[in-house]
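Student: Got a complex here that I'd like to walk through. Can you take me through it?

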Amino acid sequence: MTQFILKRLLSGVITIWFIATATFIGMHSVPGDPLANEKAVAPEIRRNLEARYGLDKPVWQQYGIFLGNMLRGDFGISFTQKNRYVNDIIREHFPVSAVLGVLALIIATVGGVIWGALTAVYRDRWPDSVIMFLVVIAVSVPSFVFAMLGQLGILAMNEWLGFSLLPVAGWGSFGHMLVPALVLGLGTMAYLTRLMRSSMLEVTSADYIRTAKAKGVPPLRIFYKHQLRNAILPVITVLGPSIAAITTGGFVVELVFAIPGLGRFFVQAVQQLDYTVIMGTTVFYGAFLVIMVLLVDILYGFIDPRIRVGKVRG
Amino acid sequence: MSDIDNHPLNRKPDETPALAVDNLQVEFSAQGGRVQAVRGVSFSVQPGETLGVVGESGCGKSVTMMSIMGLIPMPPGRIVSGSAKLNGKELLHLPVKQLNKIRGVDISMVFQDPMSALNPTMRIGEQIAETLMIHRGMGHGDALKRAVDLLERTRIPEARKRVRQYPFEFSGGMLQRAVIAMSLACSPSVLVADEPTTALDVTIQNQVLELMREIQREEGMAIVLITHDLGVVARMADQVAVMYAGQIVERGSVDDIFYRSAHPYTLGLKAAMPTASMHVGERLMAIPGSPPDLFSPPAGCGYCRRCDYAMNVCEQQLPELISVGDSHASRCWLQHAQAQVDVDALYQPGASTC
């Protein structure tokens, strides 16, 4: 087990290095630089600034400096936000995104498993048709539409109630998180519902379900003891990529609901070519995802004994 | 008909059969019509007796047993008519709740592929214990202890360690023993074994069959053994029912079937069996043609298109099971008195078996 984790961590480091390098190359091949935004900068000032940020050095040297700093965990100072360390930006804003993302993921997974199981149980009857219709909508409509609809919904509800039950935007309490997390998790939930449905249907016709019936196991027990656990395996598999989809897809929702998450900085940095913030957030997200996928793989082993790693065959 | 159902050796006038099926008809609705998978099957098994049900794939042998146990999906499946009595108690059309008090308790089943018949994410011991917990109201600990006993009973070494393992940690033969252990948990009076050795290699087949025989001797249960392997039937069965196109075409004691075959299909099956004396390059015998389409079963005998001895009447009218001896019956017009055929001379017994 330890060997497995170490191996995966090593390959994770290589992945992150690759992400960092690719981003670095991509970023530097975009025309312009972080200082290009400044209006009418005198050539001397510009030279001074370039010297201060090291932009006057050849790119390969900049790359070397960046790698060295990254190994020390230092991503430097933002170009556009004066006197803010990239590390501070991540430290302040990532927890917001993380809380939102985790909540969205929980909603997506729990919802996907429940809806998927329901559609399979009521196969070809009206609950199945209704849910599958909603799933198609949730998969195909982009999240900013749902974000707006969510806000409109909150407004209408508050108006109807006569008091403010849920805040329309902002951050702070659980009420602030609920609707944004739902909107953020909706696409993934729809995807997981479809996955869970087909997986449940496959399991329903499995031989071991027939065995359980032949043993006289009551239907409800067959459902939760034999079907659910086996059907949930494919859902767990895509949980890793789903975390990626949710955390990186968060910035639209964060923008609409005025949530001070990391996603906004990520997008802004790309627009303004803020080299240090781009590198910092990209590498950070990359590392985060590598760790999440590893965690999912370890979790998988707990649910499916066949792939439990490091266990010796008896 | 009931006089030929009973084994002549065990027959006691007042003994109720462990399982008695009468005129069972099962059909499946499918696109473009209904498949009549089982067309009036009757048989019975006495306690301690083994009935071998033989036939090619799709002849309805598995569907017959599965519908008795309520294991066919309904719809599309439908039990059209008939009855199945387990120790005199009707099984068909029981609500699931009541059926679940019988399945796994009085009648249990061993399946063809042990690799897929067990839940891959549940420990072997838990799967055996589950039956005991549901039906015997045992606590988890007691049920697991009993599971160890059952595994030892089916001669699984290190049973105490094995109960904690998952199906993927067992070999095929071991798994089938575990499945047998599971089916024995509540000492059923009928054990249905659906091709129990087909998925196993030959040496393991032998061990599993031996184990089933031994347990039957101790427990005195009836076994219904579904197979397409005549060799397995010859070893295991007391009574044999040969099925073809959803019907029993011949039935009798194992000696009747093998030495006094009274149906052309049985002869064909026997001829198709490879023997040890075959030469390299020698072609295996096969029955030409294919079984009739059960969407619209023929008016006459389902086998007549493939039969070497077919007569005009075979095409037009379905023969009844005609008694040809004590407990031996054949669904063939050749056996009818009016046919006036010397069947024994026609079949040349012995010539077709080698």
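Tutor: Start with a definition: two residues are in contact if their C-beta atoms, placed from the backbone, lie within 7 Å. This is a predicted model, where local features need pLDDT of at least 70, side-chain atom pairs count only at pLDDT 80 or more, and totals for chains, interfaces and linings use all residues. Residues are numbered from 1 along each chain as its sequence is written, while chains are lettered from A and ligands numbered from 1 in the order in which they are written.

Student: OK. How many residues does the contact take from chain A and from chain B?

Tutor: Chain A puts in 21 residues and chain B puts in 26 residues.

Student: Which helices of chain A each supply at least two residues of the side that touches chain B?

Tutor: Helix H8 (207-214) and helix H9 (219-231) of chain A. Helices (H or I, at least four residues) and strands (E, at least two) are DSSP runs, numbered from the N terminus. H8(A) gives the most to that side, six residues.

Student: And what is the chemistry of the chain A side, nonpolar, polar or charged?

Tutor: Eight nonpolar, five polar and eight charged. Ala, Val, Leu, Ile, Met, Phe, Trp, Tyr, Cys and Pro count as nonpolar, Asp, Glu, Lys and Arg as charged, and the others, Gly among them, as polar.

Student: What does chain A have in helices and strands?

Tutor: Chain A has 14 helices and zero strands. Its C-alpha trace spans about 85 × 65 × 30 Å along the principal axes.

Student: What share of chain A is buried?

Tutor: Buried residues are 31% of the 314 in chain A. A residue is buried if 20 or more other C-beta atoms lie within 10 Å of its own, exposed if 12 or fewer, and partly exposed in between, with C-beta atoms placed from the backbone.

Student: Switching to chain B. Which residues does B:Arg103 contact, leaving aside neighbours within four places in sequence?

Tutor: A:Ala214, A:Lys215, A:Gly216 and B:Met69. B:Arg103 lies in the loop between helix H2 (96-99) and strand E6 (107-110) of chain B.

Student: Why does B:Arg103 count as buried?

Tutor: Because 27 other C-beta atoms lie within 10 Å of B:Arg103.

Student: What about the domains of chain B?

Tutor: Domain 1 is 2-106 + 186-275 + 285-347, and domain 2 is 107-185. Those bounds come from an automatic or database domain assignment. The C-alpha centres of the two domains of chain B lie 29 Å apart.

Student: How many residues of each domain are in contact?

Tutor: In chain B, 26 residues of domain 1 are in contact with 21 residues of domain 2. Strand E7 (190-194) and helix H8 (202-219) of chain B each give two or more residues to the domain 1 side. H8(B) gives the most there, with six residues. That domain 1 side divides into 18 nonpolar, four polar and four charged residues.

Student: Now the sheet. What is the strand order?

Tutor: E2-E1-E4-E5 in chain B, an open sheet of four strands with antiparallel pairing. Two strands pair if DSSP finds at least two bridges between them.

Student: Which strands stand at the edges?

Tutor: Strand E2 (33-45) and strand E5 (89-90) of chain B. Each has a single partner strand, so one side of each is left without a neighbour in the sheet.

Student: How many bridges join E1 and E2 of chain B?

Tutor: Strand E1 (residues 19-30) of chain B pairs with E2(B) over 10 bridges, in the antiparallel sense. B:Leu24 has B:Val41 in E2(B) as its bridge partner.
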